[in-house]
Amino acid sequence: MNQNIYSSSNHLFFFLHLLVSYLCYNPTDSGAVSLTHSTIDQTLASNELVFINFYADWCRFSNMLAPIFDEAADKVSEAFTNPGQVVMGKVDCDKEGAIATRFHITKYPTLKVIRNGQPAKREYRGKRSVEAFQEFVKKQLEDPIKEFQDISELKNLDTKKRIIIGFFEKKDCPEYNIFRRAASNLKEDCQFHVGFGDAVRAMHPPGQNIVVFRPDVALSNERDETFKGSLLDYDETSVWMSERCVPLVREITFENAEELTEEGLPFMILFHRPGRDDETVKIFKDIVAGQLISEKQNINFLTADGEKFAHPLHHLGKSLDDLPLIAIDSFRHMYLFPNIKEMEVPGKLKSFIQDLYSGKLHREFHYGPDLNEIGAPVDTPTNPPESSFRKLGPSPNRYTLLKDEL
């Protein structure tokens, strides 16, 4: 009798164990897909878009985001059912430290986009809601290329944006597929247009596909440039397009300030008033391209709408009436270029940058010029304004920052 009871108990325990296992087991792996060192490469290679949440279990912001991201992943899976189209994934950075290092994760949670196996330059920094994530994925999957039916349509493009135009014999060709892949990674930096067949036959030699870059001619003296490499080589095509779509001088906005600040490079900023100082902006861009290109790895060259960024101007002791002006923000202090009229003097802006690297700007702002007019040291200290743009970097109220990159 006791043996039967014991046997029945075992059967009951086994049944309950199976029931719990069944209820907890989810064969569809709902929520974001957990990515590990053994699965991530295949996932990136086999999907057009992979949207990844890099997190840590001990991070409170990660824990707040997790259920929202998982719910969004379920809804995205329901909306986009084609295999290889999109995956929302997640990486436990404590368990997958090599992946975190590979993708340069310095804060939790970090949301990155991988298109066609290549990390996008910009992280996702928008609203953390199911609806926002759904809308973001939808926009990411939209075709970045607008097709025109007649050459005359190219006369009405927004010339304040950099443009890449493709002239192809037909849509169903490997060159166009590569062009489209490269364009999808640059959709936020350039606008892309394409024509096929009879509509563009006069624009290229028979049997030869052509891709042309058109800069933001309203604010630059650059001219149209034709790609001379192989459109059958994705890497060559992508690098060429990327170098032309991402300008040496970028505009800083409140939307991209966090991203630019996190790059960790000092800013050289031309503060201006749109519509009034456009010629100064054009001159500044030409000077950077002609004289300062060797500094592009060491400093970010930017323009800023002085009306929107009035707060940094106030820190410099300036107002809208003082525009245009140039300043360097080192993420410690802001340093004003003495006379913007001298920016066209060869070597002046480069010397200003070199004075930042040598510590001369910092020293002179604290203690005045090294020597006064009679050669005696000047020891009256001054205080340069504190950095305004450092405060626009990743916020500890939104991320767990692993280290102070700035």
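Start by selecting residues 348-358: that's helix 11, and it lies across strand 13, strand 14, strand 15 and strand 16. Line your view up with strand 15 and you'll see helix 11 running at about 25° to that strand. Keep in mind as you click around that this is a predicted model.

Now bring up the sheet under discussion. It's an open one with five strands in the order 12-14-13-15-16, and the pairing is mixed. To find its edges, pick 249-251 (strand 12) and 334-336 (strand 16), each of which pairs on one side only. Look along the sheet, and neighbouring strands are turned by 30° against each other on average, ignoring direction.

Next, zoom in on one pair. Select residues 267-272 for strand 13 and residues 325-329 for strand 15; these two pair in the antiparallel sense, over five bridges. Want a single spot to label? Try Leu-270, whose bridge partner in strand 15 is Ile-326.

Then add residues 278-291, which make up helix 9. This helix lies across strand 12, strand 13, strand 14 (300-305) and strand 15. Check it against strand 13, and the angle comes to about 160°.

Finally, zoom out and show everything. The whole protein has twelve helices and 17 strands. Colour by burial if your viewer can do it: 45% of the 406 residues count as buried. Switch on the surface, and you're looking at about 22,100 Å² of accessible area, with 52% of that belonging to carbon and sulfur atoms. And if you draw contacts between residues at least 6 apart in sequence, 74% of them join residues at least 24 apart.

Terms used. Residues are numbered from 1 along each chain as its sequence is written. This is a predicted model: local features need pLDDT of at least 70, side-chain atom pairs count only at pLDDT 80 or more; totals for chains, interfaces and linings use all residues. Side-chain values use heavy atoms; hydrogens and water are left out. Two strands pair if DSSP finds at least two bridges between them. Helices (H or I, at least four residues) and strands (E, at least two) are DSSP runs, numbered from the N terminus. Axes are lines fitted to C-alpha atoms, for helices over the stretch in contact, and angles run from 0 to 180 degrees between N-to-C directions. Contact means heavy atoms within 4.5 Å. Buried means under 20% relative accessible area, exposed over 50%, partly exposed in between (1.4 Å probe, protein chains only). Accessible areas come from the Shrake-Rupley method with a 1.4 Å probe; for residues, only the protein chains shown count as cover.
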